[in-house]
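Welcome, and thanks for taking a look at this one. Please open the model in your viewer and keep it beside the text as you read.

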Amino acid sequence: MNEIRTAAPQPTAPAAPMQNAAMTHAPVPPAARAGSQAATETAIRADDFSFWYGGTRALNDITLEIPEKRVTAFIGPSGCGKSTFLRSINRMNDLIPGTRHDGDITLRGESVYRTGLDVVQLRKRVGMVFQKSNPFPKSIYENVAYGARVNGLAKGRRALDEIVERSLKQAALWDEVSDRLDRSALGLSGGQQQRLCIARALAVQPEVLLMDEPASALDPIATQKIEELVYELKDHYTIVIVTHNMQQAARVSDFTAFFYMGALVEMGRTQALFTNPREERTEAYITGRFG
Ligand SMILES: Nc1ncnc2c1ncn2[C@@H]1O[C@H](COP(=O)(O)OP(=O)(O)OP(=O)(O)O)[C@@H](O)[C@H]1O
């Protein structure tokens, strides 16, 4: 076992919401601020952020705060805008022609949409892991070393070796691959490839890790490893994870944001949102009445 691993989160299914609890239908304060994030700094903040693909509006005036060094889960039915919002944080949506935004997203108080911002630097600070693992057709070592080398993070082979080892250990993969770093990454299992992609993202020392359904293509054991990893990484990184799996959101996240039809319905501490949601639509979604 990797020495940095600690006790795994205990799998806990989200409790059913209190069926008879009086639901408050007052507008939810932006970011469900509600004092729930008082103990932590805000890493990312969105203010009235909207996003369009051509003439289609995918996000409507999203205002929320994502706390630092915590795991925030985005949940909601298919097409509600979770991935669009996630990809807006490091401007991955810029790559799609015909898109535009309104409002703003800030990272540690600075707009990620400001004029002159270096998007490459932004994506170094805000790393991303996708649903389908996408290792380069190169060696395990090269997959992890690439970003560090390109960004000039290592002076010399020894420093690069250290980055590769540290990143693979952080991604809980080192023990499985340390004796075959020069072999092709494509020979790894799906779960190992996904952890390799996490190691690759960590190698450039990001502040934030965005994860878009990182375990949805994996079997239950590989999924559990990714969940354990997310739980451990939050001591060092701000993590935002999109998931369709509500049990997963309940297991790994500290805060949960529920999106519906391009809007943020509510956000709060995960346990509170799952046991006592403030909004009827949240309750309907988490109890499986639509999805
Ligand atoms: N590249 C694109 N071009 C045009 N429309 C898009 C594009 N990507 C997403 N959309 C639209 O934007 C809306 C939000 O999509 P998005 O993928 O963000 O939702 P989601 O909640 O992540 O969905 P899912 O859970 O199915 O991945 C949808 O109506 C979708 O059809």
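The notes below go from the whole chain to a sheet, a ligand shell and a helix pair.

## The chain as a whole

First, a word of caution: this is a predicted model. The chain holds 10 helices and 10 strands. Of its 291 residues, 43% count as buried.

How far apart in sequence are the residues that touch? Taking contacts between residues at least 6 apart in sequence, 72% join residues at least 24 apart.

## An open sheet

Four strands are worth tracing next. In the order 2-1-4-5, 4 strands make up an open sheet with antiparallel pairing. Strand 2 and strand 5 (110-111) are its edges, each pairing on one side only.

At one of those edges, strand 4 (residues 99-107) meets strand 5 in the antiparallel sense, over 2 bridges. If you would like a residue pair to look for, Leu 107 has Glu 110 of strand 5 as its bridge partner.

## Around the ligand

Now turn to the ligand, which has 13 residues around it; those that come nearest are Tyr 53, Ala 58, Ser 78, Ser 83 and Thr 84. Sorted by class, the shell contains 4 nonpolar, 8 polar and 1 charged residues.

Which elements supply at least two residues of this shell? Strand 2 (56-67) and helix 1 (82-89) each do. Helix 1 gives the most, with 3 residues. Strand 2 thus appears twice in this tour: as an edge of the open sheet and as a supplier of the ligand shell.

## Helix 3 and its neighbours

A pair of packed helices is described by the angle between the axes and the distance between them. For helix 3 (residues 140-150) and helix 4 (residues 157-170), the angle is about 115 degrees and the axes are 9 Å apart. The crossing of helix 3 past helix 4 is right-handed. On the helix 3 side, the contact is made by Tyr 141, Val 144, Ala 145, Ala 148 and Arg 149; helix 4 brings Leu 160, Ile 163, Val 164, Ser 167 and Leu 168. By class, the residues of this contact are 8 nonpolar, 1 polar and 1 charged.

Which residues of helix 3 are buried? They are Ile 140, Asn 143, Val 144, Ala 145, Gly 147 and Ala 148. Val 144, Ala 145 and Ala 148 are therefore names to highlight, being both buried and part of the contact with helix 4. The cover over the buried residues of helix 3 includes helix 4, helix 5 (174-177) and helix 6 (190-202). Just after helix 3, Gly 152 adopts a positive phi of about 65 degrees.

Technical notes:
Residues numbered from 1 in each chain as written. Predicted model: local features only at pLDDT ≥ 70, side-chain atom pairs only at ≥ 80, totals over all residues. Axes fitted to C-alpha atoms, helices over the stretch in contact; angles between N-to-C directions. Left-handed = near helix turned anticlockwise from the far one by under 90°. Contact = placed C-beta atoms within 7 Å. Nonpolar A, V, L, I, M, F, W, Y, C, P; charged D, E, K, R; others polar. Near = placed C-beta within 6 Å. Buried ≥ 20, exposed ≤ 12 C-beta atoms within 10 Å, placed from the backbone. Pairing = 2+ DSSP bridges.
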